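Let's take a friendly walk through the inside of this protein, from a buried charge to its cores and rings. Have the structure open as you read.

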Amino acid sequence: MKLRQPSTILCFMLVLAIATTGIGAEKIRFATFNTSLNRPGAGELRDELKEGSSKQARKVAEILQRVRPDVVLLNEVDYDSSGQTLQSLRQMYLAVSQGGQPPIEYEHAYLGPVNTGIPSGLDLDGNGETGQAADAFGFGRFPGQFGMLVLSRYPIDADKARTFQQFSWKQMPGALLPVDPADGTAYYSAEATAVFRLSSKNHWDLPIHIGRTTIHLLASHPTPPVFDGPEDRNGRRNHDEIRLWADYIRPSRSNYLVDDRGQRGGLARGQHFVIAGDMNADPLDGDTVPGAIGQLLGQRRVHSGQIPSSEGAVAFRDTGVNTNHRGRAAHDTADFSDNGPGNLRVDYVLPSRSLQMIKSGVFWPPSGDPASALLDASDHRLVWVDITFK
């Protein structure tokens with residue numbers, strides 16, 4: 001049988017289809033990094049960065065220059081509505097070579113308000129006082145502490161972004177609202193329950209346009225499941241903050257969700273997404289409610305089989321509390337104190353199965369590597385995933 005060469009018109013149509021749909025596009029690197037760029041007072045980070053001499057920010061910038069993500073969520077960057085913090089980070093750190101690395105530019109960015117430090121006017125922690133950090137809608141000494149920032153080489157459709165800053169915890173069906181373990185009564189008063197927001201920072205759905213294709217970056221930073229009492233109010237909140245995304249990507253379970261613009265429901269069926277953030281939840285170790293992060297890792301629509309890993313974390317396996325951990329050391333993403341939970345896997349970049357996952361990693365160089373000097377920038381490590389379109 002004689003094979004025929006494809007016609008010029010057919011080849012042109014194939015190339016056009018590839019360009020139109022995004023199939024065959026180059027790899028896109030998504031990342032999340034809890035930078036620990038938070039400060040005790042409002043405006044302190046803004047003022048520190050504008051000088052261009054922050055050693056911590058230089059190390060954060062060098063890590064980004066080394067890994068070079070195309071889209072990255074930065075957790076714990078104090079929110080600055082003026083945009084000066086963002087401008088300084090871009091111009092005085094990222095656009096300047098750090099440690100001999102080539103500069104990196106992000107034309108697009110998204111920053112917005114978070115619940116940390118916003119006064120609730122109520123005594124949420126039950127200590128008899130109001131107006132303290134634990135009485136805010138999200139733990140914080142001032143509005144915007146421990147904020148979120150997204151940097152991207154690709155356009156972010158801010159007009160179609162969805163946020164869930166004001167979504168009430170009680171609106172979630174079957175919410176794990178805390179109870180007094182002694183008598184089973186509600187931990188929060190009716191007044192507090194009426195206004196309590198689920199998101200400790202915010203939940204963002206940011207459409208990222210890559211050619212003619214859109215990937216929804218689902219960004220968040222759930223509260224740590226500690227710093228509470230036997231009622232486990234933070235552990236339960238952490239569980240339900242993670243559940244928000246688990247329900248959001250399942251149309252059959254997301255009808256109860258209402259965003260800050262009043263739009264109801266979750267992500268439309270068939271949409272590409274990447275869930276990213278410091279989830280403060282390890283699959284096997286730590287203090288989370290059992291199965292908290294499993295709500296995402298066990299999702300049929302989530303690509304979770306390929307786990308980002310590093311060589312540097314393995315050296316900690318035989319030290320302190322880590323010796324009792326069940327999870328693999330290579331998968332850890334945070335270097336916590338031995339007086340606490342030890343090293344854990346808490347930072348995630350989880351693509352939808354509609355995307356092809358090429359490779360992944362955790363920026364945690366071994367101790368003999370000169371780049372390991374950058375690790376004291378934060379107690380978390382940058383996690384990255386390379387994806388492309390199937």
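## What counts as buried

A residue is called buried here when its relative accessible area is under 20%. The model is a predicted one, and W245 shows how the cut-off works: its relative accessibility is 0%, so W245 counts as buried. Y248 is buried for the same reason, because its relative accessibility is 0%.

## A ring pair on one helix

W245 and Y248 sit in helix α6, which covers residues 233-248, and are 3 residues apart, or about one turn of the helix. How are their two rings arranged, edge-to-face or stacked? The pair formed by W245 and Y248 is edge-to-face, with 5.2 Å from centre to centre and 70° between the planes.

## A buried arginine

Y248 is also one of the residues in contact with R162. R162 belongs to strand β5, residues 162-163. With a relative accessible area of 5%, under the 20% limit, R162 is buried too.

What does the side chain of R162 meet in there? A polar contact of 2.6 Å links the side chain of R162 to that of D259. In addition, a polar atom of the R162 side chain lies 3.0 Å from the backbone oxygen of Q263. Leaving aside neighbours within four places in sequence, the contacts of R162 also include H203, W204, D205, R264, G265 and G266.

## Two nonpolar cores

The largest nonpolar core has 59 residues, and those touching the most other members are F30, L74, V150, L206, L217 and L382. Helix α3 (residues 55-67) contributes the most to this core, with 6 residues. A second, separate core holds 31 residues, among them L124, F167, L198 and L218.

V150 is a good place to look around. Beyond residues up to four places away in sequence, V150 touches V71, V72, L73, H108, A109, Y110, I156, W204, L206 and L217.

## More rings, and charges over them

There are 8 aromatic pairs in the structure. In one of them, the ring centres of Y188 and F196 are 4.7 Å apart and the planes meet at 40°, so this pair is tilted. Y188 is buried at a relative accessible area of 9%, and F196 is buried at 5%. Y188 and F196 also belong to a cluster, linked by ring pairs, that takes in W169 and Y187.

Two arginines lie over ring faces: R29 is 3.9 Å from the ring centre of W384, and R381 is 4.3 Å from the ring centre of W364.

Terms used
Residues are numbered from 1 along each chain as its sequence is written. This is a predicted model: local features need pLDDT of at least 70, side-chain atom pairs count only at pLDDT 80 or more; totals for chains, interfaces and linings use all residues. Side-chain values use heavy atoms; hydrogens and water are left out. Helices (H or I, at least four residues) and strands (E, at least two) are DSSP runs, numbered from the N terminus. Buried means under 20% relative accessible area, exposed over 50%, partly exposed in between (1.4 Å probe, protein chains only). A polar contact is a pair of N or O atoms within 3.5 Å; within protein, one must be able to donate a hydrogen and the other to accept it, and residues adjacent in sequence count only if both atoms are side-chain atoms. Contact means heavy atoms within 4.5 Å. A nonpolar core is a set of buried Ala, Val, Leu, Ile, Met, Phe, Trp, Tyr and Cys residues joined through side-chain atoms within 4.5 Å. Rings of Phe, Tyr and Trp (its six-membered ring) pair if their centres lie within 6.5 Å; planes under 30 degrees apart count as stacked, over 60 as edge-to-face and the rest as tilted. A charge sits over a ring if NZ of Lys or CZ of Arg is within 6 Å of the ring centre and within 35 degrees of the ring normal.
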